[in-house]
Amino acid sequence: MLASSRDSGEEVPRDGLLKSAVRSRALFTWLCARALVPSNLIFCFRCSQAEALKADMTDSKLGAAEVWTSRQALQDLYQKMLVTDLEYALDKKVEQDLWNHAFKNQITTLQSQAKNRANPNRSEVQANLSLFLEAASGFYTQLLQELCTVFNVDLPCRVRSSQLGIISNKQGSGGAIVTPQPSSCSYICQHCLVHLGDIGEGLIIFDLQVTFTVFTF
């Protein structure tokens with residue numbers, strides 16, 4: 001397969017373009033890790049990655065495994081963006097995108113399918129919903145832990161890393177970290193706690209629905 005070069009008009013093998021793109025991305029990642037790229041450029045690059053992942057998650061041609069992989073990658077990417085440059089991330093509403101696209105939409109879909117008594121796969125959907133809620137709870141717990149550790153936020157309810165058997169209390173998502181305002185740190189921690197409450201409520205409602213179903217039948 002060939003592709004024309006924009007500058008010279010020559011035909012270039014597509015596999016050559018692919019290898020070049022991979023090398024460029026690897027080089028960009030290497031430069032980011034060593035703080036050799038401006039933070040705003042890094043953020044723009046990650047935003048473009050996030051948009052591509054969101055598009056994959058809504059692509060009906062992809063299988064469940066590929067969508068799951070894209071969702072995991074989106075979670076990791078948004079977490080990295082929040083930890084490395086919180087102020088810029090909040091300005092771009094990354095925390096809202098994280099909740100809506102990586103968690104809320106999937107939870108809403110599974111809840112709707114689980115409520116449908118005519119759904120022949122209802123039991124499987126209920127199991128998937130329970131697992132997804134548990135995974136979401138784990139993600140936000142871990143994110144809150146990392147944010148508090150990196151930005152030295154002291155929450156009364158938080159168990160410190162040392163108490164969990166983690167030797168080092170220093171964490172991070174790699175690359176240079178831009179120090180945020182204390183108010184931003186407080187907001188993002190509150191955001192995590194609110195959604196942990198939402199997820200916990202969803203688990204309680206799910207358990208009650210399952211119990212009611214068992215006793216009904």
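This is a short presentation on the fold, the largest pocket, the aromatic pairs, the salt bridges and the cysteines of one predicted model.

Good morning. Please keep in mind throughout that the structure before you is a predicted model. I shall begin with the overall architecture.

The chain has 217 residues, and 34% of them are buried. Its secondary structure amounts to 7 helices and 2 strands. Following the sequence, one meets the elements in the pattern β-β-α-α-α-α-α-α-α.

One position outside the helices deserves a word. I177 sits in the loop between α6 and α7, the latter spanning residues 182-216. With a relative accessibility of 35%, I177 counts as partly exposed. In sequence, I177 and V83 are separated by 94 residues, yet their C-alpha atoms are 7.1 Å apart in space.

Let me turn to the largest pocket. Its space comes to about 570 Å³. The lining consists of 20 residues, and those nearest the centre of the pocket are W68, R71, Q106, L110 and F132.

Which helices each supply at least two residues of this lining? They are α3, residues 64-84, α5, residues 94-115, and α6, residues 122-150. Of the contributors, α6 gives the most, with 7 residues. Sorted by class, the lining of the largest pocket comprises 11 nonpolar, 7 polar and 2 charged residues.

I move on to the aromatic side chains. As a reminder, a pair of aromatic rings is described by the distance of the centres and the angle of the planes. The structure contains 6 aromatic pairs. I shall present two of them.

The first example is W99 with F103. Their ring centres lie 6.4 Å apart and their planes meet at 25 degrees, so this pair is stacked; the cut-off for stacking is under 30 degrees. Both residues belong to helix α5, where W99 and F103 are 4 residues apart, about one turn of the helix. W99 counts as buried at 12% relative accessibility. F103 is buried as well, with a relative accessible area of 1%.

The second example is F139 with Y140. Here the ring centres are 5.4 Å apart and the planes stand at 85 degrees, so the pair is edge-to-face. Both F139 and Y140 are buried.

How do these pairs fit together? Ring pairs link W99, F103, F132, F139 and Y140 into a cluster. One member of that cluster, F132, has already appeared in this talk, among the lining residues nearest the centre of the largest pocket.

Next, the charged contacts. How many salt bridges does a search of the whole structure find? The search finds 2.

K54 takes part in a salt bridge with E51, in which the closest N and O atoms are 3.0 Å apart. K54 and E51 are both in helix α2, residues 39-57, and are 3 residues apart, about one turn of the helix. K54 is buried, its relative accessible area being 12%, whereas E51 is partly exposed, with a relative accessible area of 47%.

K54 also forms a salt bridge with D97, and there the closest N and O atoms are 2.7 Å apart. Because K54 lies in helix α2 and D97 in helix α5, this pair ties together parts that are 43 residues apart in sequence. D97 is partly exposed, with a relative accessible area of 21%. Through shared partners, the salt bridges join E51, K54 and D97 into one network.

Finally, I come to the cysteines. How many disulfides does the structure hold? There are 0 disulfides. Why is C44 not bonded to C47? The sulfur of C47 is the closest cysteine sulfur to that of C44, but it is 6.2 Å away, which is too far for a bond; a disulfide would require the sulfur atoms to be within 2.5 Å. The same holds when one starts from C47: this residue is in no disulfide, and the nearest cysteine sulfur is that of C44. As for accessibility, C44 counts as partly exposed at 46%, and C47 is partly exposed with a relative accessible area of 27%.

To summarise, the largest pocket receives most from α6, an aromatic cluster includes W99 and F103, and a salt-bridge network joins E51, K54 and D97. Thank you for your attention.

Notes. Residues numbered from 1 in each chain as written. Predicted model: local features only at pLDDT ≥ 70, side-chain atom pairs only at ≥ 80, totals over all residues. Heavy atoms only, no water. 1 Å grid on protein atoms, 1.4 Å probe; cavity = no way out; pocket = protein on both sides within 12 Å on 5 of 7 lines; lining within 4 Å. Points joined across faces, edges and corners; volume = space filled by probe spheres on them. Nonpolar A, V, L, I, M, F, W, Y, C, P; charged D, E, K, R; others polar. Phe/Tyr/Trp six-rings, centres within 6.5 Å; stacked < 30°, edge-to-face > 60°. Buried < 20%, exposed > 50% of the residue type's maximum accessible area, 1.4 Å probe, protein only. Salt bridge = Lys/Arg side-chain N within 4 Å of Asp/Glu carboxyl O.
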